[in-house]
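Good morning, and thank you for coming. Please take a moment to look at the model on the screen before we walk through it together.

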Amino acid sequence: MWTLEEKRKYHRDWARRHRQTPEYKAYSEEYHNRPEVKAKKLAQWRGWYERHPERKREWCKEWAKNNPLKIKFSTHKQYVKRHSIYKIGNADISKLFDGWDGLCGLCKRPVEGDYHIDHIIPLSRGGLHNQNNLQITHPRCNCRKNNRLENECLFSW
Ligand SMILES: [Zn+2]
């Protein structure tokens with residue numbers, strides 16, 4: 001007969017092995033993406049935060065200390081979006097096409113069909129959201145540029 005401790009260990013090991021299988025991973029991903037599960041987890045976190053406000057403050061401070069650039073960039077991005085009076089319209093897009101002779105700002109080949117509007121200096125690096133900082137690019141070129149800068153997709157439609 002197994003002792004209780006041995007049984008527990010067996011179950012722990014089994015679960016650990018089982019968690020590595022693709023089926024379990026797929027199931028787990030699906031499970032954790034369910035709206036009701038997400039809401040429950042969020043509520044649990046909120047409850048925990050309310051019970052431990054000082055821990056939350058500490059945790060936030062710690063995170064901010066470890067991610068100074070994220071804080072700087074995200075606030076800058078939010079600021080630019082919120083305070084920018086410049087909204088891109090169709091006239092601006094045709095002006096952009098004229099200004100760049102219909103060429104992609106990155107590879108300098110003609111843009112036909114699909115295009116992206118790209119910030120020459122990304123907003124996350126302090127670029128401004130105005131006509132002078134915009135260029136037409138191929139969607140492909142724009143995404144490659146983003147990869148090289150290790151930036152998320154900045155501005156596209
Ligand atoms: Zn291009």
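I begin with G102, which sits in the loop between α6 and β1. The helices, H or I runs of at least four residues, and the strands, E runs of at least two, are taken from DSSP and numbered from the N terminus. Two remarks on the source are needed here. Residues are numbered from 1 along each chain as its sequence is written. This is a predicted model, in which local features need pLDDT of at least 70 and side-chain atom pairs count only at pLDDT 80 or more, while totals for chains, interfaces and linings use all residues.

Is G102 buried or exposed? Neither word fits: G102 counts as partly exposed because it has 14 C-beta neighbours inside 10 Å. By the definition used, a residue is buried if 20 or more other C-beta atoms lie within 10 Å of its own, exposed if 12 or fewer, and partly exposed in between, with C-beta atoms placed from the backbone. Setting aside residues up to four places away in sequence, G102 touches F97, P110 and V111. A contact here requires that the C-beta atoms of two residues, placed from the backbone, lie within 7 Å. G102 and Q135 are 33 residues apart in sequence, yet their C-alpha atoms are 9.9 Å apart in space.

Two other residues of this loop deserve attention for their backbone angles. D101, located between α6 (90-99) and β1 (116-119), has a phi near 55°, a positive value in a residue other than glycine. K108 lies in the loop between α6 and β1 as well, and its phi is also positive, at about 60°, although it is not a glycine. As background, most residues other than glycine have a negative phi. D101 counts as exposed because it has 10 C-beta neighbours inside 10 Å, and K108 counts as exposed with 10 such neighbours inside 10 Å.

Let me now turn to the chain as a whole. The protein chain has seven helices and two strands, arranged along the sequence as α-α-α-α-α-α-β-β-α. Of its 157 residues, 8% count as buried. Among contacts with a separation of 6 or more, 55% join residues 24 or more positions apart.

Helix α1 covers residues 4-18, and its end C-alpha atoms are 21 Å apart; this agrees with the expected 21 Å, because its 15 residues are taken at 1.5 Å a residue. The expected span is 1.5 Å times one less than the number of residues. α1 is hardly covered, with zero buried residues among its 15.

Next come the strands. β1 and β2 pair in the antiparallel sense over four bridges, where pairing requires that DSSP finds at least two bridges between the strands. H116 has T137 of β2 as its bridge partner. Along β1, H116 and D118 point to one face and are buried, whereas I117 and H119 point to the other and are not.

Which residues make up the largest nonpolar core? This core has five residues, namely C104, V111, Y115, I136 and C141. A nonpolar core is a set of buried Ala, Val, Leu, Ile, Met, Phe, Trp, Tyr and Cys residues joined through C-beta atoms within 7 Å. I136, in strand β2 (residues 134-137), is buried, with 22 other C-beta atoms within 10 Å. Beyond its neighbours within four places in sequence, I136 has contacts that include L96, W100 and C104. C141 touches C104, L106 and C107, not counting residues up to four places away in sequence.

I close with confidence. The pLDDT, the predictor's confidence in each residue from 0 to 100, averages 79 over the protein chain, and 80% of the residues score at least 70. Over residues 150-157 the pLDDT is below 50, although this stretch has 18 contacts in the model beyond near neighbours in sequence. Where pLDDT is low, the predicted coordinates should not be read in detail.
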